[in-house]
Structure formats: structure tokens, C-alpha cells
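The exercises below are meant to be worked with the sequence and the structure side by side. Try each task before reading its solution.

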Amino acid sequence: MPIQYLGGKARLAKKIAAVVDAQRAPGEAAWDLCCGSGRVVAALSDRGPRYGVDVVPSLVRLLCEVRDGTFVPPAEVTREQYAELRTRALTDPTCDDPVLAFVGFGGSFAGKWFAGYANDNHGRDYIGQAGHGCSKLAAGLADAEFICAPWQSIVDRISGTVYIDPPYAGTTGYKAAPPHDPVAFWRDADALVERDAVRTVFVSEYQAPAHWYEVARWEGQKAINRGTRVEKLFTRTR
């Protein structure tokens, strides 16, 4: 789903997937535990099972329908329709209508969940571009499995090589998801590393606890504000 998505890994997906895949044994599972727009899952090799996990029901449903080729994007979304969808999303966070995720991210300012109707002075067709992007992503998601749950609730299922792209500490939160607790996150990530079924865990962040070490970094333009940012990929050993 190459729609605009706050915190999405559009630019880095292939680079991240290359690092993750380099650690995978043939046939080993790869898990993306905060899969968001699905780009990293799509970029991972199919040498073994691929799993994407996210807590937003409409987003997981959208990824499944894009994968299966059953999602039909709206040709356009008016401001009135956008407002109706926004009200629906905010009043029923359990709703799994894929159009909510498609518009909530793809048709919103800077890819922020229903943060304002996306438009500009150049006549850019955000909805049309999002629909085209979904069709391009479908092949990359073939055979991937998506799960709607907090990843901490399914740790007994997780094995192999793991990638996590949590909301970054000190950055804009995700209104579509529960508040992010960085301290609890790193505690849970440490526990995941200690599981016998899990061989390697990678985490994208700007900073990490001292016992996690940096394995890659990429500098790029910030999505909203001017300036640059340095995205880092961390891992740790038992």
C-alpha cells in the first residue's frame, strides 16, 4: 500500500529488508510487528513465511484485500465523505472497513490518521495515487499473512527473524492506535530477544538503550518539517 503514511518506510523498505533477509535462514519466518503500510513486508524475500502485525483493524483488512486483489479503491473522496469517514473512524476504532485506512492515511495530510483532507495548489490526486500504489504493492504481498493484534499478545507465535518499527519516542503519536510507551516497548523487545524461538530482532528508532547496538543508518529528508533525520536500525544479542 504505497500510500502516504506517517512514519512509513517508503524510502527505506528495500534497505531494511536487505538487512533482515541477510540474517534469515532458508525457510525461516520473518515478522514485521508494526507493519503499517506493508512496505517492509512486501520487500522481504519469500524464502520463508512472512507475517505483518498491526493493531489497526481497517489497515490490516486493507492489506489483506490488497494482497488478494479484492480491494476496489474509491475513484474520489469529497471533503464531505472524508468528514463522514473521519467521524466513523473516531467513534468506532474497531471498524475494519478497508476504506477507512485507505482514506485515513492515503487521503490525509502528511499521511497522519485523519489529520485533515489532503490537497495542494498543484491539483495532486492523492486518492488516485493511493489507488495506483495499492495495485503496485499487491504482488509483493502475495502469500504474506497479516494479523490484527498488539504484537505483545501473540509472542508465543513469533519465531525466526523479527523487525519492529514502533512509533518513535518523542514524535507524533498515532491516533489510530493506543498511546506508545517507549519504556514498556524496550522492555518487551528485550523479552522477545530472550525467546528461544526468536533468532534475531531488529528495531528502527532514532535512539536505543545502550545494550542495543546500531547496525545501519540512513539520512533523509523529514516528511513534514524542513531538515534531515537519521534513521537507525538496532539489534542486540542475548
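**Exercise 1. The end of a helix**

Task: Find which residue follows α3 and state the sign of its phi.

Solution: The residue that follows α3 is Gly69, and its phi is positive, near 75 degrees. Bear in mind here and below that this is a predicted model.

**Exercise 2. The overall plan**

Task: Count the helices and strands of the protein, and write down their order from the N terminus on.

Solution: The count gives seven helices and seven strands. Read from the N terminus on, the elements follow one another as α-β-α-β-α-α-α-α-β-β-α-β-β-β. Of the 238 residues of the protein, 48% count as buried. Among contacts between residues at least 6 apart in sequence, 68% join residues that are at least 24 apart.

**Exercise 3. Helix α3 and its surroundings**

Task: Compare the span of α3 with the expected value, and work out which of its residues are buried and what they pack against.

Solution: Begin with the span: α3 has twelve residues and reaches 17 Å from its first C-alpha to its last, which is close to the 16 Å expected at 1.5 Å a residue. Next, turn to burial, where α3 proves to be mostly covered, with nine of its twelve residues buried. These are Pro57, Ser58, Leu59, Val60, Leu62, Leu63, Cys64, Glu65 and Val66. Finally, the buried residues of α3 pack against β2 (50–54), α5, α6 and β3.

**Exercise 4. Two helices that cross**

Task: Decide whether α3 and α5 are roughly parallel or roughly perpendicular to each other.

Solution: The axes of α3 (residues 57–68) and α5 (residues 98–106) come within 7 Å and cross at roughly 100 degrees. Angles of 65 to 115 degrees count as roughly perpendicular, and α3 and α5 are therefore roughly perpendicular to each other. By class, the contact of α3 with α5 has seven nonpolar, one polar and two charged residues. On the α3 side these are Ser58, Leu59, Arg61, Leu62 and Glu65, which meet Pro98, Leu100, Ala101, Phe102 and Phe105 in α5.

**Exercise 5. Two loop residues**

Task: Locate Leu141 and Glu28, and establish for each whether it is buried or exposed.

Solution: Leu141 has its place in the loop between α6 (126–137) and β3 (145–148). Leu141 has a relative accessible area of 0%, so it is buried. Not counting residues up to four places away in sequence, Leu141 touches Gly38, Val41, Ala42, Arg50, Leu63, Val66, Arg67 and Phe146. Leu141 and Gly52 are 89 residues apart in sequence, while their C-alpha atoms are 9.8 Å apart in space.

Glu28, in turn, lies in the loop between α1 (13–22) and β1 (30–32). With a relative accessible area of 13%, Glu28 is buried, since the cut-off for this word is under 20%. Leaving aside neighbours within four places in sequence, Glu28 is in contact with Gln23, Gly48, Pro49, Gly160, Thr161 and Arg199.

**Exercise 6. Helix α7**

Task: Check the span of α7 against the expected one, and describe the start of α7 and its buried residues.

Solution: At 1.5 Å a residue, the twelve residues of α7 (residues 182–193) should span 16 Å, and its end C-alpha atoms are 17 Å apart, which agrees. At the start of α7, a side-chain oxygen of Asp181 comes to within 3.1 Å of the backbone nitrogen of Val183. Ala184, Phe185, Trp186, Asp188, Ala189, Asp190, Leu192 and Val193 are buried in α7, and the buried residues of α7 pack against β4 (160–164) and β5 (198–205).

Key:
Residues numbered from 1 in each chain as written. Predicted model: local features only at pLDDT ≥ 70, side-chain atom pairs only at ≥ 80, totals over all residues. Heavy atoms only, no water. Helix = DSSP H or I, 4+ residues; strand = E, 2+ residues; numbered from the N terminus. Expected span 1.5 Å × (residues − 1). Buried < 20%, exposed > 50% of the residue type's maximum accessible area, 1.4 Å probe, protein only. Contact = heavy atoms within 4.5 Å. Polar contact = N/O pair within 3.5 Å; in protein donor to acceptor, adjacent residues only side chain to side chain. Axes fitted to C-alpha atoms, helices over the stretch in contact; angles between N-to-C directions. Parallel < 35°, antiparallel > 145°, perpendicular 65-115°, else oblique. Nonpolar A, V, L, I, M, F, W, Y, C, P; charged D, E, K, R; others polar.
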